[in-house]
Amino acid sequence: MAEETTGVEIKGLERYPLLNAFLGGWSIFKQSLLGKIGLILLIMFALMALCSYIPPMVDPMYNPMTGVDPDITDSTGPSLKHWLGTDFMGRDILSQLLAGARVAFMVGVSAAFMSIVLGTAIGMTAGYMGRFVDTLLMRLADMIMVMPTLLVVLILAAVFGQLNIWSIVLIIALFRWPGVSRIIRGQTLSLKQRPFIEAAKVAGASHFRIIFRHIMPNVLPLAFLFMTFRVTSAIIIEAALAFLGFGDPGTVSWGMMLQWVWKTGHMFKAPYWLLPPGICISLITLSFYMLGRAMDEVLDPRLRKEDQTD
Amino acid sequence: MELRRYIIKRLVQITIIFFVILTVLFLLFRLAPGDPVSRMVDPDMTPEDAERLISQLGLDQPLGIQYLVYVKNFFTGNFGYSFHYGNPVVDVIWDRLPNTILLFTTSTILAALVGVFLGKIASWHKGEKTDSVMTIGALVTHTLFLPWLALILIWVFGYKFGWFPINGMVSEEVWLDPDAGFIAKGLDIGYHMVLPLTTLFLTHFGAYLLIMRSSMLETLKEDYVLTARAKGLQEKVIRDRHAAPNAALPVVTSVGLSLAFSINGGALTETVFTWPGIGRELVFSVSQNDYPLAQASFLLIAIVVLVSNLIVDVLYAYLDPRIRY
Amino acid sequence: MALLEVEDLCIDYKTKSGYLKAVDGVSFTLEKGESLGFVGESGCGKTTIGLGLMGMLPPNGVVRKGRILFEGEDLLRMSAEEMRQVRWRKIAMIFQAAMNALNPVQRVGEQVAEAMLVHNPSLGKHKALKAVEELFELVGLQTDRIRDYPHQYSGGMKQRAIIAMALACRPALIIADEPTTALDVIVQDQILAEIRALQKEFNIGIIFISHDISIVADMCHDIGIMYAGQLVEYGPREDVFDSPAHPYTRALLSSFPTLTGKKTDLVPIAGETPDLVHPPKGCRFYDRCPEQIPLCREKVSQWVALSPRHKALCCRCEMDGR
């Protein structure tokens, strides 16, 4: 895993560790073809998400959830009025697709963010406290990593009833923190030995203060860089849940779209409806994966192409 | 010797984890908002049956006693009665378990073997077209959304071409036919298994391919590979006999780490293909509010995951002499 | 006919910044049953020579010039298949950092047997393992350890196993690249003694590569001092050790302590090796040489013969008549 420094720093910016890490990382990232493709795809999806606000503004019939075309009451193929056709209720598929992009980003980013916060807090605590607390937390992490998240959410749905989109995001985050916490814990452990921590202790700083004032700033850049592109599983889980019928009924997501095409028996008749959402989910997963790989190169010097001698 | 001790240690570990899961589930179902009784007792039961069941499950006792009853019931296989089927839950899930194991095991082993094999080949031809094709193929298939892939396969091969059945595990005609032999029945299951198996296989082999590929590239730099070459061995022998066995070890680890992902995929596959397994039962029971069945399905799946983890760990320990001796 | 005759060997490594001249114009001779030691700091090219002899340079390595005459035949002119036959059967190698030279998932005995079976498949596994037993006895390993795995061996045992493996086909030449670096001093001593004994018994030529001149002086008939890809001094052990001519050799000798003899100060050699992609025209040791004169920088270095078999690459030697 990555050492204390990523080895990519810009002179003169040591005082701004976040910015430093970012700019340094960018110069490495630029060289990765995979990373560039991933980034382009992601930007495309981001644009889709932003454009999702446009169709309903053009005409209320383009509202993904409630839009009804007075002339159409069933699923139809692509036409001038509806570029991707309509679903079984006459709603515009393209608007749904765009709205789905918005949901995907929302879910992905929120879940990633929450799991980073949680994972960082737990990782720092485990690494800093050591011994009993450390063992306990890491055992907990191990147990959680073993559980199939999708099925856990399912059983929670059984207990608590229908879940709304934010509950889903929260639960996903609750099951993704172990990955982050391991990295952060490792980082904290190596930071713990450094002289400036000793100095702070001698100066009488409380544990709390040391963790938040000294360790956290050094650990956060790593946390963000590392986790930001691991959002994929959150998006997939939400999509799978929606597909199975357990998603938030008020949210139009790509998984939800697939649920509709499946359950309304249009699977065999409406490729214009079946194909786009699935392609989108797969592509966004692919692009995040590519970005993640490029990120790995940034964080782990050994993976960088320039260092390979053969 | 070491191996046996290792297995025992791991068994203890997974037992503890299972108990934690059991307890958490218990607490969830008893303490969550709503009436816990309605979650365990079918509202359509007659009051006398309901009374009997309530005392059997200990729902009228304080929480501590409830827990003990709960644990006891688990070990005696008493999970209550399914709201939907009316049968004892244990019968239902017991019936489903082999189907899941069949599908899950076959797909995992196939994906791992093919992934290792292709990953090895990809590393031989690093940088060439073969490698690019395989790597991109692995990447793309790995990121396909599983339920969607399943739907596409059903549509193309089940519906359009009609080559394979689109749901279920068996055809009634074959199984109800008193003259049908073991082979006929086996083939029938196999026939139904093709599409679900393909779905699971396609979405999982890619990860193993990529790991094997990079593992091979690392291994080929090791000193013992250099030694093998210095000994005058042919390149093919070096790769297959010296590099590959070492490079395959991380793949085994990876299989273990991705078991949760595989189980998720398994449940989704079973649902789309109506394959009568526990995964599908869990999804179905949750949607039907059949709480006893849902609970039991989840627990059984947890056991499957834990045991699979154990098997993978033991396999790794067996393959790597550094652990065994 | 000498066992090994190397003439003007030049090996380059292709790098992003150009061709790195790792070995530049090295020539030497080795007779059957004798040993030649190459000494120098890391990066001086000694390991590259070893790999070059075996035909096992990394993909970016290329032999630009020269001849390697082994038992009269030029190895550089051989096809890949011919070279494969030569490997191990005629020339074996003991690698640097041999701790990882054994396949961790294969039993040690099998790996040693494999070396024999590759070149003599008709031998059969059973006979091969019997031969392995004999080899183990030769190197001082217990034969009941044949079925063990490498991680069950200590460092010294692993090294012995590797030596046993090198001897498996009774090669005419063994290249030993830092064979004892990873071992503690006592084991080191034992291993070196055994190598010496085995050499005498089987009349094997040995090329010994090390950064430690004291080991080489102990083990080898002839010594070659390498610096920055060039051979800077070459001759019989006694000559080089007792009357070192090249300033680098002298610096090397004074940077190791001696138990006997006068107590002198240890003098480390300051500075860094030159850039081998664009090596200097004149003497490569110039920047770090305590005896440099302006001429050293300009004049292309020439060999100066100090005795029939002892020569050094230094213009000061010529001038001072050493």
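Buried area, as I use the term here, is the accessible area (1.4 Å probe) that two parts lose on being put together, summed over both. I note at the outset that the model is a predicted one.

**Entry: chain B against chain A**

I looked up the interface of the two chains and found that the area buried between chain B and chain A is about 3800 Å², with 84% of that area coming from carbon and sulfur atoms. On counting residues, I find 43 of chain B in contact with 38 of chain A. I then searched for salt bridges between chain B and chain A and came away with a count of zero, whereas the rule for polar contacts returns three residue pairs across this interface, both residues being at pLDDT 80 or more.

Next I asked which helices of chain B supply at least two residues each to the side that touches chain A. My list holds H1 (2-31), H6 (129-143), H7 (146-160), H13 (259-273), H14 (278-287) and H15 (291-319). Of the contributions to this side of chain B, I record that H15(B) gives the most, with eight residues. Sorting the residues of that side by character, I get 34 nonpolar, six polar and three charged.

**Entry: helices H4 and H11 of chain A**

I turned to a helix pair within chain A, where the axes of H4 (residues 93-129) and H11 (residues 254-263) come within 8 Å and cross at roughly 140°. Because angles over 145 degrees would be needed for roughly antiparallel, I enter H4(A) as oblique to H11(A). From H4(A) the contact draws on A:Ile93, A:Gln96, A:Leu97, A:Gly100, A:Ala101 and A:Ala104, and from H11(A) on A:Trp254, A:Met257 and A:Trp260. I class the residues of this contact as seven nonpolar and two polar, with no charged residue.

**Entry: salt bridges**

Over all chains I count 29 salt bridges in the structure. I looked at one of them, in which the side chains of A:Asp142 and A:Arg182 meet at 2.6 Å, N to O. A:Asp142 lies in H5 (residues 131-146) of chain A and A:Arg182 in H7 (residues 165-192) of chain A, so I note that the pair ties together parts 40 residues apart in sequence.

Terms used
Residues are numbered from 1 along each chain as its sequence is written. Chains are lettered from A and ligands numbered from 1 in the order in which they are written. This is a predicted model: local features need pLDDT of at least 70, side-chain atom pairs count only at pLDDT 80 or more; totals for chains, interfaces and linings use all residues. Side-chain values use heavy atoms; hydrogens and water are left out. Axes are lines fitted to C-alpha atoms, for helices over the stretch in contact, and angles run from 0 to 180 degrees between N-to-C directions. Helices (H or I, at least four residues) and strands (E, at least two) are DSSP runs, numbered from the N terminus. Angles under 35 degrees count as roughly parallel, over 145 as roughly antiparallel, 65 to 115 as roughly perpendicular and the rest as oblique. Contact means heavy atoms within 4.5 Å. Ala, Val, Leu, Ile, Met, Phe, Trp, Tyr, Cys and Pro count as nonpolar, Asp, Glu, Lys and Arg as charged, and the others, Gly among them, as polar. A salt bridge is a side-chain nitrogen of Lys or Arg within 4 Å of a carboxyl oxygen of Asp or Glu. A polar contact is a pair of N or O atoms within 3.5 Å; within protein, one must be able to donate a hydrogen and the other to accept it, and residues adjacent in sequence count only if both atoms are side-chain atoms.
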